[in-house]
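User: Please take a close look at one part of the chain in this model, starting from a single side chain and following its partners. Then go through the charged pairs and the helix packing in the rest of the chain.

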Amino acid sequence: MIVPTQRAVALTLVAAPMALLLGVVRPDGWLLAVAWAAGVALLVLLDGLFAPRIRTNDLRIEGPGAVDVGGTVALAGATPGLAYTADVSAPLEPLPFSKREGNGLTYTATRRGTAKLSRIWARASGPLGLAYRQRSAATDDSIRILPDLRPVREQGMRQFLRSRQFGARIRPESGDGTEFQALTDFQPGMERRAIDWKATARHLSLLAREYRTERDNSVVFAIDCGRTMSEPVAGMPRIDRAVSAALLASFVALKSGDTVRLFGFAGRPTADSGSIAGARGFATLHRTAAELDYDAQESNFTLSLVALDQRLQRRSLIILFSEFTDPTSAELMLGAAARMRKRHRLLFVLFRDIELEAFLEARPETADDVIRANVAHALLRERRIVIERLKRLGIDVLEAAPDDLALALAERYVRDRERP
């Protein structure tokens, strides 16, 4: 396709005032303006014909396959000398013109997700700059927007160093844990429950069991991506905070020698990393986290948790990030969790609703403030009811402030895996 440039349009528009001026001076002078416009059109056609041809191989854009949230993405055409544009979807947003460089295909990553490149346009300008050839092609390329790993690395290393500083090693060789290691003489300071009474009776000496921390435990981070988790808390969507906390805890788990799985669901399962072992597998979890998109529908706990249970080959620790609004909406969640509890160990991770707590603690000034406080009290009371029901089912619950949840989960994981 041959398309005129802005220069050609400007030259053609010059014919209008020229025709008016010539018509005043000489009645038949307007024909010169028509000839001018026709000449410009002819030059546009010739310029377009002499423009370089665009081949199919030219319709490619090169760029990174992934970028962290808040990063800048610069896309470049495959053939130098051609001008490129692309139809790029969110979460990539074009930079302002004042901050663009090069060909202008510069974007910023505003949130997690996968940006789709649906169509690419390439233009080749003619020698006179009056026309250019244009060709487009559909594409299925994509760019993953991954969570920023800098906080995970910093907090993960801080947690690792803290555990060594205070003597609570992430992987102690003996003394703590659930895996039997050996029998030893009972020493003052040992717990009485560690005494092996049968071995003591056989050897006529007080013997105790010595344990060590299990290795190669199976840990699953299941993140609810439904409507309630997509809503913000303290200025950030709950799902983003859950992803950050899950990546931090998974970093510690991989360093500890456990296998980790990242699982996302909403109305159905949406992402699954599979079982990952070794610190090098953290990159796979990082890529899978980009697939945990925001969903406006209600979460289907029954379908999603049953599907997860079928994929797990052995007993696992399932750390479930979710949210609920009232006991009625939590009924299906409680039923699905009770079924999972029969085979696996569950830990529910919840964000404290600091906004409701702020309404409850604020000093009322008007009648509307009193109403808000009463509604907040009722909602928080219903929330506590659901939490108590989870605990009565034998399910552990971790509830922390949004900014403190990541470190709280990592510390809870380290403490629980060393518990006999």
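Analyst: Phenylalanine 265 counts as buried because its relative accessibility is 0%, and the cut-off for buried is under 20%. The model is predicted, and the values here are computed from it.

The aromatic contacts come next. The structure has three aromatic pairs. One of them joins phenylalanine 265 to phenylalanine 301 in an edge-to-face arrangement, with 5.6 Å centre to centre and 70° between the planes. This pair links distant parts of the chain, since phenylalanine 265 belongs to strand E16 (residues 259–265) and phenylalanine 301 to helix H9 (residues 301–311), 36 residues apart. Phenylalanine 301 also counts as buried because its relative accessible area is 8%. Phe263 joins Phe265 and Phe301 in one aromatic cluster.

Another buried side chain is threonine 288, so classed because its relative accessibility is 7%. Threonine 288 sits in helix H8 (residues 282–289). Beyond neighbours within four places in sequence, threonine 288 is in contact with Leu262, Ala271, Asp272 and Ser273.

Now the charged pairs. Side chains of opposite charge can pair when their charged atoms come close. The whole structure holds 17 salt bridges. In one of them, aspartate 403 pairs with arginine 241, and their closest N and O atoms are 3.0 Å apart. Aspartate 403 is in the loop between E20 and helix H13 (405–417), while arginine 241 is in helix H7 (residues 238–255), so this salt bridge ties together parts that are 162 residues apart in sequence. The two ends differ in class: aspartate 403 is exposed, at 63% relative accessibility, whereas arginine 241 is buried, with a relative accessible area of 11%.

A salt bridge also connects the side chains of arginine 345 and aspartate 396, at 3.4 Å from N to O. Here too distant parts of the chain are linked, with arginine 345 in strand E19, aspartate 396 in strand E20 and the two positions 51 residues apart. Arginine 345 is partly exposed, with a relative accessible area of 22%, and aspartate 396 is partly exposed at 24%.

Strands E19 and E20 also bear on helix H12. The buried residues of H12 pack against both strands, as well as against helix H10 (331–341) and helix H11 (354–361). These buried residues are Ala373, Ala376, Leu380, Arg383, Val386, Ile387 and Leu390. Arg383 is also part of a network of salt bridges with Arg238, Glu323, Asp353, Arg384 and Glu399.

H12 has a salt bridge of its own, in which aspartate 369 and arginine 372 meet at 2.9 Å, N to O. Both residues lie in H12, three residues apart, about one turn of the helix. An α-helix has 3.6 residues a turn, so residues three or four places apart point the same way. Aspartate 369 counts as partly exposed at 23% relative accessibility, and arginine 372 as partly exposed at 41%.

The length of H12 can be checked as well. At 1.5 Å a residue, its 26 residues (367–392) should span 38 Å, and the end C-alpha atoms are 38 Å apart, which agrees. Just after H12, glycine 394 takes a positive phi of about 85°.

How values were computed. Residues numbered from 1 in each chain as written. Predicted model: local features only at pLDDT ≥ 70, side-chain atom pairs only at ≥ 80, totals over all residues. Heavy atoms only, no water. Helix = DSSP H or I, 4+ residues; strand = E, 2+ residues; numbered from the N terminus. Buried < 20%, exposed > 50% of the residue type's maximum accessible area, 1.4 Å probe, protein only. Contact = heavy atoms within 4.5 Å. Expected span 1.5 Å × (residues − 1). Phe/Tyr/Trp six-rings, centres within 6.5 Å; stacked < 30°, edge-to-face > 60°. Salt bridge = Lys/Arg side-chain N within 4 Å of Asp/Glu carboxyl O.
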